[in-house]
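Colleague: Hi! Could you walk me through this one? I'd love to start with a helix.
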Amino acid sequence: MDYRHELKYIVTEKEMALAKGRIHGLVSLDVHAEEAGMYRIRSLYFDDYWNNCYLENETGTDPREKFRIRIYNGSKERIHLELKQKEHGMTRKLSCELTEEQCRTLMAGRMLPVNGNDPPLLQKLNLLMRTRFLRPRVIVEYDRIPFAERLGNTRITLDRNIASSDALLRFLDPELPRRPIMAAGQHILEVKYDEFLPDYIYQNLQLNTLRQTTFSKYYLCRRYSLKGNLK
C-alpha cells in the first residue's frame, strides 16, 4: 500500500453530528459497517523499553512507526497484526493475520519461536521484541462510523467513545475495563485520501473550521499514565 494523506480533527458532539449529516447523503457507509452503521475497534499497541513510539509522536519525529494488534467488535475471528508508518506527513499501514494462539503469546509479552515461514511483518515484530524490547503497552478502543468514497480513495471516519485500558491480558475478552481519554463531548474525525481530496467533501465537512491535531489515539491514551515518569 502506498502512503496516504491523513488529517485528524478534534470535534464536539455538535460538530460530529453536523459532519455526519452533511456527508451521509454524499458518501456511502463503508461496507464493513454493521446494520447499526458503526463497528467497534480494539487495538493493542506496542512500545519499546524507552517509550520511543510515545516520544516520537510527541516530538513529531519523521519517519516513525508503531505496531499494534487489532480486532473488530470484540471478535476473535479476524485478528490482524499491523504496522503503521508515518513519513512526511503521510501514512501507510501494513498488516498480516494472526492466529489466536499467536495473539495470546504476544499479548503476554512473550516472543514467538523464530520461523522463517512467518510473514515478514511478524518476523520484524519478533526481532524488535528481542532487540528493542518491544512489549504491549496499552489497549485503545472506540466506536467508528466509517464512510468511503472511490474518488481519491477517500475514507472519512467518525470515532467516539475513545477509551484506554491497561488490562492487556484481557485484550480478547468480550468486554474489559476502560477509561475515557477525551474530554466529555469530544471525538475524533479523520479524513484519509491518496492524491487528492474531493472538493465537495472538504467543503461539506467544513474542515477549515475544525481544530486539527497531530496526536494519535495511542499517544492520547498513554499521555497521562506516562507524564510523571518522563520528566
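Modeller: Happy to! Let's begin with α1, where M16, A19 and I23 are the buried residues. Keep in mind as we go that this is a predicted model.

Colleague: Okay, and where do those buried residues sit around the axis of α1?
Modeller: They are on the same side of α1, because they cover an arc of only 65° around the axis.

Colleague: What do the buried residues of α1 pack against?
Modeller: Three of the partners are given by strands β1 (4-12), β7 (135-149) and β8 (154-165). Strand β10 (186-193) and helix α5 (199-205) are partners too.

Colleague: And which exposed residues are on the face turned away from the buried side of α1?
Modeller: That face carries K14 and G21, both exposed.

Colleague: How many residues does α1 have, and how far does it reach?
Modeller: Helix α1 covers residues 13-24, which is twelve residues. From its first C-alpha to its last it reaches 16 Å, close to the 16 Å expected at 1.5 Å a residue.

Colleague: Nice. Switching topic: how many disulfides are there in the whole structure?
Modeller: A search of the whole structure turns up zero disulfides.

Colleague: Why is C53 without a bond?
Modeller: Its closest cysteine sulfur is in C221, and that is 14 Å from the sulfur of C53, so the two are too far apart for a bond. A disulfide needs the pair of sulfur atoms within 2.5 Å.

Colleague: What about C96, which cysteine sulfur is nearest there?
Modeller: That of C103, 11 Å away, and C96 is in no disulfide.

Colleague: Are C53 and C96 buried or exposed?
Modeller: C53 is buried, with a relative accessible area of 13%. C96 counts as buried as well, at 9% relative accessibility. The cut-off for buried is under 20%.

Colleague: Let's try T91. Where does it lie?
Modeller: T91 is in strand β6, which runs over residues 90-97. At 7% relative accessibility, T91 counts as buried.

Colleague: Which residues does T91 touch?
Modeller: Leaving out residues up to four places away in sequence, T91 touches D2, Y3, R4 and E6, along with K84, Q85 and K86.

Colleague: Last one, V114: is it buried or exposed?
Modeller: Exposed, because its relative accessibility is 71%. V114 is found in the loop between α3 (100-107) and α4 (120-131).

Colleague: And what does V114 touch?
Modeller: N126 and R130, not counting residues up to four places away in sequence. The C-alpha atoms of V114 and L127 are separated by 8.8 Å, with their positions 13 residues apart along the chain.

Notes
Residues are numbered from 1 along each chain as its sequence is written. This is a predicted model: local features need pLDDT of at least 70, side-chain atom pairs count only at pLDDT 80 or more; totals for chains, interfaces and linings use all residues. Side-chain values use heavy atoms; hydrogens and water are left out. Helices (H or I, at least four residues) and strands (E, at least two) are DSSP runs, numbered from the N terminus. Buried means under 20% relative accessible area, exposed over 50%, partly exposed in between (1.4 Å probe, protein chains only). Contact means heavy atoms within 4.5 Å. The expected span of a helix is 1.5 Å times one less than its number of residues. The arc is that of the directions from the helix axis to the C-beta atoms.
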